[in-house]
Every structure is written in C-alpha cells, then in structure tokens.
Amino acid sequence: MKVEKCDIYAGERLLIRQGSFVVDSNRLNLLIGNNGVGKTVILDKISNLDRNRPAEFIGFPDAKDIIYQTQGASFIDEVTVLTTLKLFGEMAGVDLVNHLNLPEIISKNMEARFGNLSGGERRFIIIWASLQVPRKLYLFDEPFANLDPYHVSQLMKLFYSELATGKTILLTTHQFEELIPDRTHITHIAHQKVDFDGTMTDFMMHHGDDLQNVLKEIAS
Amino acid sequence: MIKKIKALIFFQIKVALDNKMDLVYSFFMPLAYLLVNTMSNSHRQISSANQLSDLLPFVGYMVVTGVLNGWVMNTLISRERNFLKTFTSIVGNKLYIFAANFVVNLFSNLLQVLAIVAIYQGITHSINSLVILILLTTAVVMDIIVSLASTIILISRMKLSSIPMILTTYIIVGLALSGLQTNNFLLHILLNMVSMYTLTIDVGSLIYHQGNVSMATVMPVLLPIIVIAIVGLILVKKVPVSSIHVRG
C-alpha cells in the first residue's frame with residue numbers, strides 16, 4: 001500500500017504537495033506531524049468511505065475491508081457497553097461478550113451506558129472492539145488521546161501483537177513512548193510535504209541529536 | 001447481509017426506545033387534535049369513506065413528521081457528530097445502516113398510525129378493519145416515498161442548525177398545500193411531487209377506490225411516486241457519511 005506523488009487537499013486548501021509514502025504491512029504505521037498538517041484527511045481518503053480516494057493512493061483495500069476509527073471515539077451514548085459489544089460481535093461474526101481476553105476496563109463496565117464512560121474508557125473499548133472485526137486495514141485517528149499511561153501501554157502492546165496476525169494498522173499519534181523502533185514505520189508530515197518515510201530506527205538516525213526536539217515539537 | 005441488518009435493527013430499536021421526544025410531534029400532537037375533533041361526534045357511526053377523509057391527513061402528517069424527525073434527523077446528527085463514518089466502517093456498508101434505520105422508523109410510524117386509528121374508531125364506535133388496512137398500506141407506501149424523497153436533504157449542503165427550521169417550514173407549508181384542490185392534470189402531478197400530505201391523501205383514496213379508477217386519477221399519483229423512487233434510489237447511494245461542513 002502506498003501513496004505516490006499526490007497533492008492532498010482539504011476542500012480548496014492544499015495540505016501536502018506531491019506526497020509519497022508507504023504503509024508497511026509488517027510494522028505499526030505511524031502518521032505524525034503537527035496539528036493541521038493533513039493526517040486525518042489522509043485517513044479519510046484511505047478509508048474511501050465517501051468514494052473520494054485519489055488514484056495516487058495505490059494498493060489500499062476496498063472500504064468494506066477497512067475499519068476506520070475517527071478522533072472522537074464517537075458511538076451511540078444511549079446504549080450499554082454490552083449492547084455495543086454485541087453489535088461489534090455481530091459484524092465480526094464472533095462472540096465478543098465472552099471473549100477469553102476481555103480487558104478489565106470492558107468487563108467491569110458491561111452494564112454501563114456508553115455515554116457515562118470517560119473519553120479514555122470509550123476510546124479503549126471501541127478500539128479493542130474494532131480490532132476484533134476481521135479486516136485488512138485498520139485506521140485509528142489519535143487512539144491514545146485521553147488514555148492514562150497504563151491503557152496507552154496496554155493498547156500499544158495490543159497493536160504490536162495484532163501485527164503478528166497479519167493485520168495492517170495505520171494510526172495518527174502524538175504519543176512516542178513504548179514504541180518498538182524496528183517494528184514501527186513512521187511517515188512524518190511537515191511544511192506541506194512528507195518530511196520522512198521509513199522505519200523508526202531510520203527516523204532516529206535521520207534526526208540524530210535533534211530527535212528529542214523533533215518529537216517534542218510534534219508531541220506538543 | 002440480512003443477519004447484519006437484523007442486528008442493526010435490534011440495535012436501532014434500543015436507541016429509538018431511548019428517544020421518546022419524537023413521539024410528542026409525531027403521535028401526541030395529532031392525537032390531541034384528533035381527540036378534540038372527534039369527541040363532539042362520538043355518538044354516531046362513521047362510514048369508511050368519511051373515516052378515510054378524517055384520518056388520511058393524520059397519516060400524512062404522522063408519516064412526514066416521523067420520517068423527517070426520525071430517520072432524516074438521526075442520519076444528519078450522527079453524520080455531523082462523526083459517528084456515521086465510524087459506524088459505516090464497522091458495518092461495512094452505509095446502505096445497511098440506512099435500511100435498518102428505515103425499518104425501525106417504519107414500524108414506529110405504523111404502530112402510531114394503528115394507535116391513532118384504534119382510538120378514533122373506539123371513540124366513534126366505528127370499528128372497521130378495511131379502513132385500518134387501507135391506512136396501514138398507505139403509511140407503508142408513503143414511508144418509503146417520503147424517505148426516498150428526503151435523500152435530497154441528506155445530500156444538500158444545508159447546515160445542521162438550519163435543518164429543524166426547514167423541516168418545520170415544510171411541515172407547515174405542506175399542511176397548507178394539502179387543502180389545495182386542482183383539476184389541472186399537470187398541476188396535480190406537480191403538487192403531489194412536492195406535497196407529501198396531498199400525495200398521502202391521494203394514495204389512500206386510490207387504494208380505497210381501486211376498482212373504479214381512471215388514468216386521470218392514477219397518473220397524478222403514480223408518476224410522482226415513480227419519479228421520487230428513481231431519484232431517491234440514485235441519491236441514497238450518494239449520501240455522504242462524512243460531515244459536509246466540518247473537516248475530519
């Protein structure tokens with residue numbers, strides 16, 4: 001899966017000029033950059049939910065083979081976690097309610113209404129449930145936002161473990177802790193262009209002594 | 001596909017049961033109006049034709065209000081809250097979500113129509129199963145047509161904040177237009193194309209008089225239905241799942 005020399009727009013506004021990058025099926029893919037550089041727009045176009053994927057986006061699966069979790073972790077507030085899991089289970093063709101490795105944050109909140117959970121709890125549950133639905137590509141927009149360090153760590157482990165099952169994951173983030181450099185692919189967008197595209201190990205070498213400043217700038 | 005839609009229908013029913021405010025507009029308001037108007041005539045039996053004449057405008061109002069406040073508003077709100085995008089991605093096809101939403105809305109409308117008719121016939125001691133059947137059939141046909149017609153709202157670039165005002169205006173103007181009578185063939189077709197209330201009354205009348213109809217009475221009903229159905233089926237595939245106004 002790759003993007004080749006594509007001008008990426010949000011409406012009339014040009015966000016990225018002649019951007020090229022790959023999505024590596026063997027690594028956790030991170031799309032990073034400051035706010036407003038076009039990360040969400042890229043996920044939108046890859047998801048192709050509104051049939052607006054440019055021709056320069058090559059080799060990406062069809063919309064029905066992609067799970068896309070947007071920034072707000074929005075779901076229907078009126079229903080319980082149990083009802084939500086049942087729906088995801090029906091779509092996935094598996095029993096999620098009695099899943100062997102059900103995280104504690106989910107099992108203890110089964111009867112709680114979705115709207116009564118914290119932003120972090122909602123996000124964790126939706127991302128976990130999304131990963132149980134068998135698809136070729138998983139897109140997560142800011143999955144670590146509002147999560148406490150323990151659940152960031154849990155989610156990070158989950159992402160890396162899912163890679164082993166053949167799933168391709170692409171996410172946007174400002175979170176750089178607990179990443180495994182040689183199992184992570186980074187696409188860094190800055191100044192209306194793809195500034196870097198490669199493994200995290202190469203990214204660290206590329207920036208050398210300046211790495212901490214670059215990450216601090218993106219993380220802020 | 002059927003399994004997914006069935007799961008979505010049960011899910012949407014749970015959501016709909018939590019959203020009882022819609023009933024105030026689509027059920028309790030016409031019920032109150034009906035009670036005021038029929039209480040004074042509660043002593044006499046009413047013929048089928050007169051029952052239809054009394055009840056068809058209510059069916060029109062309930063279907064239009066139910067569809068606009070129900071499936072149209074639900075779709076718009078979930079799209080602007082960025083939820084429709086997520087939901088479509090999970091389900092795999094936006095048309096399944098629309099179909100499930102439509103079925104739940106249809107059954108909610110049919111139950112309300114049935115309740116109104118039962119109350120009316122109970123008060124007037126005029127139990128008539130033929131009238132019930134005609135009104136429910138009319139409600140089914142019109143629910144499909146109004147839902148397809150309202151895809152124009154779903155693809156337009158209207159701001160969410162303007163939608164309630166536009167829907168209310170349509171309901172009021174439509175009610176005013178429903179009193180309009182015309183013998184002009186083309187004007188009749190045009191009227192039925194824009195006023196779902198007039199079309200409801202005509203569909204109900206056509207079903208009632210089915211053994212005794214002419215081209216002049218069938219075409220002003222059939223043509224708008226065919227045009228709306230074709231346009232709606234084309235547009236429903238083009239309804240965006242991402243917010244039209246807000247990026248990301």
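This is a selection-by-selection tour of a predicted model, starting in chain A and ending in chain B.

**The first strands of chain A**

Select residues 2-10 of chain A, strand E1, together with residues 13-22, strand E2. The two run antiparallel and are joined by six bridges. For one rung of this pairing, pick Cys6(A): its bridge partner in E2(A) is Gly19(A). Then go to the turn of the hairpin, where two residues lie between the strands. Gly11(A) takes a positive phi there, near 65°.

Keep E1(A) displayed and add residues 57-58 of chain A. These form strand E4, which is antiparallel to E1(A) and joined to it by two bridges. On this side, Val3(A) stands opposite Phe57(A).

**Two loops with positive phi**

Most residues other than glycine have a negative phi. Two residues in chain A depart from that pattern.

Select Asn48(A), in the loop that follows helix H1 (39-47) and leads to E4 of chain A. Its phi is positive, about 60°, although Asn48(A) is not a glycine. Is Asn48(A) buried or exposed? With a relative accessibility of 10%, Asn48(A) counts as buried, because it falls under 20%.

Now move to Glu178(A), in the loop between strand E7 (168-172) and E8 of chain A. Glu178(A) also is not a glycine, and has a positive phi of about 65°. Its relative accessibility is 44%, so Glu178(A) counts as partly exposed.

**A buried threonine**

From that loop, step on to strand E8, residues 184-190 of chain A, and select Thr184(A). Thr184(A) has 0% relative accessibility and therefore counts as buried. Which residues does Thr184(A) touch, leaving out those up to four places away in sequence? Show Arg27(A), Leu28(A), Leu30(A), Tyr160(A), Leu179(A), Gly198(A), Thr199(A) and Met200(A) around it.

**Annotated spans of chain B**

Switch to chain B. An unreviewed UniProt entry places the feature "transmembrane region" at several spans, among them residues 186-208 and 215-236. Colour residues 186-208 of chain B: this span is 96% helix and 0% strand, and its end C-alpha atoms lie 23 Å apart. Next colour residues 215-236 of chain B, where the chain is 100% helix and 0% strand. Here the end C-alpha atoms are 30 Å apart.

**A nonpolar patch**

Stay on residues 215-236, helix H11 of chain B, and select Leu222(B). Leu222(B) has a relative accessible area of 39% and is partly exposed. Add Ile226(B), Ile230(B) and Ile234(B): with Leu222(B), these residues make a nonpolar surface patch of about 350 Å².

Definitions and conventions:
Residues are numbered from 1 along each chain as its sequence is written. Chains are lettered from A and ligands numbered from 1 in the order in which they are written. This is a predicted model: local features need pLDDT of at least 70, side-chain atom pairs count only at pLDDT 80 or more; totals for chains, interfaces and linings use all residues. Side-chain values use heavy atoms; hydrogens and water are left out. Patches are made of residues with over 30% relative accessible area and no salt bridge: like charges are joined within 9 Å, nonpolar side chains (Val, Leu, Ile, Met, Phe, Trp, Tyr) within 5 Å. Accessible areas come from the Shrake-Rupley method with a 1.4 Å probe; for residues, only the protein chains shown count as cover. A salt bridge is a side-chain nitrogen of Lys or Arg within 4 Å of a carboxyl oxygen of Asp or Glu. Helices (H or I, at least four residues) and strands (E, at least two) are DSSP runs, numbered from the N terminus. Buried means under 20% relative accessible area, exposed over 50%, partly exposed in between (1.4 Å probe, protein chains only). UniProt positions are given in the numbering used here, feature names are shortened, and annotations may be inferred rather than shown by experiment. Two strands pair if DSSP finds at least two bridges between them. Contact means heavy atoms within 4.5 Å.
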